[in-house]
Amino acid sequence: MQYIQQRNHQYYLRFKTPQSLKCYSVLPLEITKTLHTDSYTEACVKIASKLHIINRIKSMSHNISTISSPELLALYKELTDFKEIDSASSAYRSSCAEYGGYDAYSHSETDVRHDLQDGGGRFDFSDVTVVQPNRDNITNYRTFESLFLKLVDVRDERFFHGHTETFDNLLSQATKLIPELNEKAISTNITPSEKPYLLSEAWSDFKKHKNWTPTRNANNERFYEFMLCLWGDINVRTITKQNLRQSLSRYCQLPKTNAKPYYQWSMTKLMSLKPEDIKETQLIKASTAEGYLKILQSFFNAFLYKENDIYSTPPADGISLEIDECRYGCYTDNEIQKIEKLALQIDEPWKKWSLLLAIYTGARLSEIIKFLNDGYKTDDTTGINYFYLEAGKTKHAKRPIPIHNKLIEYGILELNSINLKSSNISRFMKEVRNELNIPKQDDNNYDKVFHSFRHTFITKCLDLNIPTPLIQTIVGHSKNLGITDTYNHSDSLKQLKQLNEEVIQKITF
């Protein structure tokens, strides 16, 4: 049965929210519930009793996809007028980052969200929007509220970060609630007279001007091999956004091929595996799936759409990665204590400080390498010592990280610049784990690697009930609370002190 999935000898209900319903902020992308049985027959019986609900949801999806009202299009036009927020001063943006809302729309977001969660149709928009919802149609009213929330997210991103890729993706999601715009967006303008442009030809042309490293070339060829195995050598003009989204989902179901039993398997052989037969711990890493998503964006958006006008709209826009990012284990407090003790006994600076920085900063490996190379800064007013990242893996990586008192006690401020490669640290981490007899996996069967220090740091913050926005800021996961490039005005000093006192100095093992 299509809604049944097996994991670790237990059967689960797995139902993905229909695409036309994913636009509603209150709905999960996927429903996964254990059926509490290891019997396939019993699982089928349990699912059968829920099929009428599933069919009703799918029927709702069909009905919603046909909803059309002039109010939705008018609301879209009203909230996508960005003249006022684009003209806001940087000082105003910084103050709003601390206190929240910046206009009538953003101040009403929470109330609208609560109303929609309670069934919708009761929030009074008369003092918020020029356009008003149709009170005679509850379905349209709820869609109006959902569109409003989506567009407020769009405005938030534009107000705080400008015209970013995230902004484009959010705007693309919002248009899915408006049939008139959605139908226009998904049109590919393919005509029978156009000569087929085969996948193999397009890929060959795409590679011509790429100067990839041998490793990256091998990885990208593997991605192409997957596309070829999945679709065949088809005309790329016929590939749709839905095809790309489904291919990403299928790619995330492949196993890792750098270890047994799938070591050096061909792509054809890998594709023949049933997803339910692959253990969760054997699935590809999130970073590998991210690599495939980036190729989809580069190949289909940048090359086929932007450079060659194959599509009328970028087909990979709005496609996001839906994969369990938590594929790394966490170290226990006892294990961290052992690693810290060992680090203090090591003479080689890069080995010692790569471990200690990982324990007390929550930074990524690439960021720790930058710390070791660039050194630290000191704020003249507060005397706080901190590392500063100008850029990184994501747009949120730009941030300060105050230096823990333990690191200062151990002598980090006297350290000379160190130029280091990530591969050295990764190999060294295996030696550390073996020397201290630390298990390769945690209780959830996730591998303990260098990146596990980051997961451990975040878990420790959560255990200490540190506010989520502060955790997201310190690890570079979200908006940076308005922190700017320099720290010479009162707001920035306050934020630096907040990160130091309420996050970093609270971390102990």
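This passage walks through the salt bridges, the strand pairing and one charged surface patch of a predicted model.

Start with the charged pairs. A search across the whole structure turns up 13 salt bridges. One of them joins Glu367 to Arg399, with the closest N and O atoms 2.8 Å apart. This contact ties together distant parts of the chain: Glu367 belongs to helix α17 (residues 365-374), Arg399 belongs to strand β6 (residues 399-402), and 32 residues separate the two. Both ends of the bridge are tucked away from the surface. Glu367 has a relative accessible area of 3% and is therefore buried, and Arg399, at 0%, is buried as well. The pair doesn't stand alone, either, as Arg364, Glu367 and Arg399 are linked in a network of salt bridges.

Helix α17 also carries a bridge within its own length. Here Lys370 meets Asp374, again with the closest N and O atoms 2.8 Å apart. The two residues sit four apart in helix α17, so about one helical turn lies between them. Lys370 counts as partly exposed because its relative accessibility is 30%, and Asp374 falls in the partly exposed class because its value is 45%.

A further salt bridge brings together the side chains of Glu348 and Lys351, at 3.1 Å from N to O. The two partners land in separate accessibility classes: Glu348 is partly exposed at 39% relative accessibility, whereas Lys351 is buried at 17%, the cut-off for buried being under 20%.

Next come the strands. Three of them make up an open sheet, running in the order β4-β5-β6 with antiparallel pairing. The edges are taken by β4 (377-378) and β6; each has a single partner strand, so one side of each has no neighbour in the sheet. Between strand β5 (residues 385-389) and β6, the antiparallel pairing spans four bridges. Within this part of the sheet, Tyr388 stands opposite Pro400 of β6. Arg399, already met as the partner of Glu367, lies in β6 too. Its C-alpha is 8.5 Å in space from that of Phe387, with the two positions twelve residues apart in sequence numbering. Strand β6 thus holds the Arg399 end of the link to helix α17, while pairing with β5 in the sheet.

Another antiparallel pairing involves strand β1 (residues 4-7) and strand β2 (residues 10-16), which are joined over four bridges. One residue match to look for is Gln5, whose bridge partner in β2 is Tyr12. The two strands form a hairpin with two residues between them, and there Asn8 adopts a positive phi near 50°.

Last, the surface. Lys285, Arg427, Lys430 and Lys440 together form a positive patch. Of these, Lys285 is placed in the loop between α13 (267-271) and α14 (286-307). Its relative accessibility is 36%, which means that Lys285 counts as partly exposed. Charge therefore shows up in contrasting settings in this model: Arg399 is buried at 0% relative accessible area, whereas Lys285 is partly exposed and belongs to the positive surface patch.

Key
Residues are numbered from 1 along each chain as its sequence is written. This is a predicted model: local features need pLDDT of at least 70, side-chain atom pairs count only at pLDDT 80 or more; totals for chains, interfaces and linings use all residues. Side-chain values use heavy atoms; hydrogens and water are left out. Patches are made of residues with over 30% relative accessible area and no salt bridge: like charges are joined within 9 Å, nonpolar side chains (Val, Leu, Ile, Met, Phe, Trp, Tyr) within 5 Å. Accessible areas come from the Shrake-Rupley method with a 1.4 Å probe; for residues, only the protein chains shown count as cover. A salt bridge is a side-chain nitrogen of Lys or Arg within 4 Å of a carboxyl oxygen of Asp or Glu. Lys and Arg count as positive and Asp and Glu as negative; His and the chain ends are not counted. The place of a charge is taken as NZ of Lys, CZ of Arg, CG of Asp or CD of Glu. Buried means under 20% relative accessible area, exposed over 50%, partly exposed in between (1.4 Å probe, protein chains only). Two strands pair if DSSP finds at least two bridges between them.
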